[in-house]
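Trainee: Please take me through one part of this model slowly, as you would at the bench. I would like to see how a helix sits among its neighbours, and what its individual residues are doing there.

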Amino acid sequence: MTAVPRPPELGVFLPIGKNGFIVSTAKPAADGSFELNRQVAMLAEQIGLDFVLSMAKWRGFGGPSDHWGAALESVTLMAALAPVTTRVKLWATVHSILFHPAIAAKMMVTLDHACGGRAGLNIVAGSYPDEFKQMGLWRPELDHDQRYALTREWTRVVKRLWAEPRVDFKGEYFNLEDCVCEPKPLARPRPELICAGSSEVGMRFAIEEADALFLNSRDDQHLRDSSRRAKDLAASLGKTIKTYAMFTAVPGATDREAEARAQRYIDGVDREAVATMLASYGIKPDGSRNSLVVRAQEGFMSTRVTGGPETLRQRIEDTLRTAELDGLMLIFPDYLPDMAWFGSEVLPKLRLSFMPPASAAQ
């Protein structure tokens with residue numbers, strides 16, 4: 001196996017939307033409340049995770065489960081979590097077509113000061129059109145590549161506002177005249193920038209403008225290829241990029257117990273909400289055996305890892321190493337008990353496996 005050059009970062013995808021990240025009427029209830037997210041963030045820090053990330057969601061997928069029918073706002077939530085955490089990074093999400101870059105820059109500075117320099121920004125170039133149509137803010141004249149062109153301009157403006165006393169900028173999408181953003185972020189050189197991108201345009205944007213890239217993969221081989229392609233492309237440009245993946249961990253005392261638990265969620269899949277979710281990504285639920293579609297039709301929004309403690313640890317370790325990932329963001333069906341279990345039964349041995357031999361022996 002290829003060695004990961006440094007210990008990977010492990011974090012959690014906060015359940016800020018109703019019903020979390022499994023589209024099923026059979027999964028444990030997750031109300032998406034502030035209280036739940038506060039407890040999850042505090043537990044993430046307690047068990048030794050490195051970051052928490054919250055999505056930005058403005059409209060749900062309906063169905064009997066009313067999946068994501070209610071959701072908290074990302075940046076405000078992370079600022080509210082700042083005083084109840086001391087160590088974990090707080091990564092918030094902003095859609096570039098919803099917030100002017102000067103507004104977003106100021107919002108993130110405020111978050112960064114609230115948490116003492118632990119803020120990070122997950123940038124989203126586009127998403128579910130109906131989310132923005134309901135506000136009159138969807139821009140149908142922009143195709144996929146043009147949305148990334150807008151986001152590239154947006155990101156460069158944000159970075160300049162964080163670094164320069166005053167900014168004059170005339171671009172295709174934004175114009176700023178003697179624009180001021182004070183105070184500056186505490187994070188040095190600036191808050192980390194993260195984005196997800198599977199297309200060549202999205203991947204190149206992340207490499208050229210951000211610090212880390214979230215990869216959505218069809219299978220293990222695709223994840224390995226995507227991670228290595230991103231790192232090779234970055235190297236050819238004289239840059240580096242961190243790559244992350246996302247797993248839904250379904251734990252159990254034994255592999256058999258965990259599989260039975262996952263099957264219950266699959267049996268209760270909310271097909272109506274799944275169809276809306278696939279449509280939001282431009283995918284038709286036509287019976288295709290595309291692994292992304294199959295996974296979604298089972299109710300899961302990311303790669304599912306199911307098993308007892310050793311199975312989960314080995315699968316996560318193997319993926320981190322073979323795909324040369326820098327980090328992994330985790331989803332749990334029932335966040336508080338599952339995270340506590342993961343923190344005691346899986347995480348210590350997983351961390352130990354990435355320590356240098358001399359340190360691990362002590």
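**A walk from one helix end to another helix**

Mentor: Let's warm up on a single residue: T322 is found in helix α11, which covers residues 309-322. Keep in mind that this is a predicted model. T322 has a relative accessible area of 19%, so it is buried, the cut-off for that word being under 20%. A polar atom of the T322 side chain lies 2.8 Å from the backbone oxygen of D318. Hold on to that picture of a threonine side chain and a backbone oxygen, for the part I want to show you has another example.

That part is helix α5, residues 144-163. Start with its length. With 20 residues at 1.5 Å a residue, α5 should span 28 Å, and the 29 Å between its end C-alpha atoms agrees with that. At the N-terminal end the helix is capped by D143, with a side-chain oxygen 3.2 Å from the backbone nitrogen of D145.

Next, look at which residues are hidden. The buried residues of α5 are R147, Y148, L150, T151, R152, E153, W154, T155, V157, V158, L161 and W162. When you read that list against the helix in front of you, one general rule helps: an α-helix has 3.6 residues a turn, so residues three or four places apart point the same way.

Now bring in the neighbouring helix. Helix α6 takes in residues 200-209, and α5 packs against it at an angle of about 10°, with the two axes 10 Å apart. That angle makes α5 roughly parallel to α6, since anything under 35 degrees counts as such. On the α5 side, the contact is made by H144, D145, Y148, T151, R152, T155, R156 and K159. Facing them from α6 are V201, G202, R204, F205, E208 and E209. Sorted by class, the contact has 3 nonpolar, 4 polar and 7 charged residues.

Which residue of α5 should we zoom in on? I would pick T151, which sits in helix α5 and is among the residues that make the contact with α6. T151 has a relative accessibility of 0%, so it counts as buried. Here is the second threonine example I promised: the T151 side chain reaches the backbone oxygen of R147 at 2.7 Å. Beyond its sequence neighbours within four places, T151 is in contact with S96, I123, A125 and F205. F205 you have met already, as one of the α6 residues in the helix contact.

A125 leads us out of the helix. It belongs to the loop between β4 (119-124) and α4 (129-133). With a relative accessible area of 8%, A125 is buried. Setting aside residues up to four places away in sequence, A125 touches S96, I97, R147, Y148 and T151. Notice how the lists overlap: S96 is touched by A125 and is also in contact with T151. R147 and Y148, which A125 touches, are among the buried residues of α5.

From α6 you can take one more step along the chain, to S226 in helix α7 (residues 220-236). S226 is at 5% relative accessibility, so it too counts as buried. Its contacts, leaving aside neighbours within four places in sequence, are M203 and L215.

Before you leave the model, check a few backbone spots. Most residues other than glycine have a negative phi, and most peptide bonds are trans. The bond from E182 to P183 is cis, with omega near 0°, and P183 lies in the loop between β6 (175-179) and β7 (192-196). R188 and P189 are joined by a cis peptide bond with omega about 5°, and P189 is placed in the loop between β6 and β7. For phi, look at W68: its value is near 60°, which is positive in a residue other than glycine. W68 is in the loop between β2 (51-53) and α2 (74-81), and at a relative accessible area of 5% it is buried. E324 has a positive phi as well, near 55°. Its place is the loop between α11 and β11 (327-331), and at 24% relative accessibility E324 counts as partly exposed.

Technical notes. Residues are numbered from 1 along each chain as its sequence is written. This is a predicted model: local features need pLDDT of at least 70, side-chain atom pairs count only at pLDDT 80 or more; totals for chains, interfaces and linings use all residues. Side-chain values use heavy atoms; hydrogens and water are left out. Axes are lines fitted to C-alpha atoms, for helices over the stretch in contact, and angles run from 0 to 180 degrees between N-to-C directions. Helices (H or I, at least four residues) and strands (E, at least two) are DSSP runs, numbered from the N terminus. Angles under 35 degrees count as roughly parallel, over 145 as roughly antiparallel, 65 to 115 as roughly perpendicular and the rest as oblique. Contact means heavy atoms within 4.5 Å. Ala, Val, Leu, Ile, Met, Phe, Trp, Tyr, Cys and Pro count as nonpolar, Asp, Glu, Lys and Arg as charged, and the others, Gly among them, as polar. The expected span of a helix is 1.5 Å times one less than its number of residues. Buried means under 20% relative accessible area, exposed over 50%, partly exposed in between (1.4 Å probe, protein chains only). A polar contact is a pair of N or O atoms within 3.5 Å; within protein, one must be able to donate a hydrogen and the other to accept it, and residues adjacent in sequence count only if both atoms are side-chain atoms.
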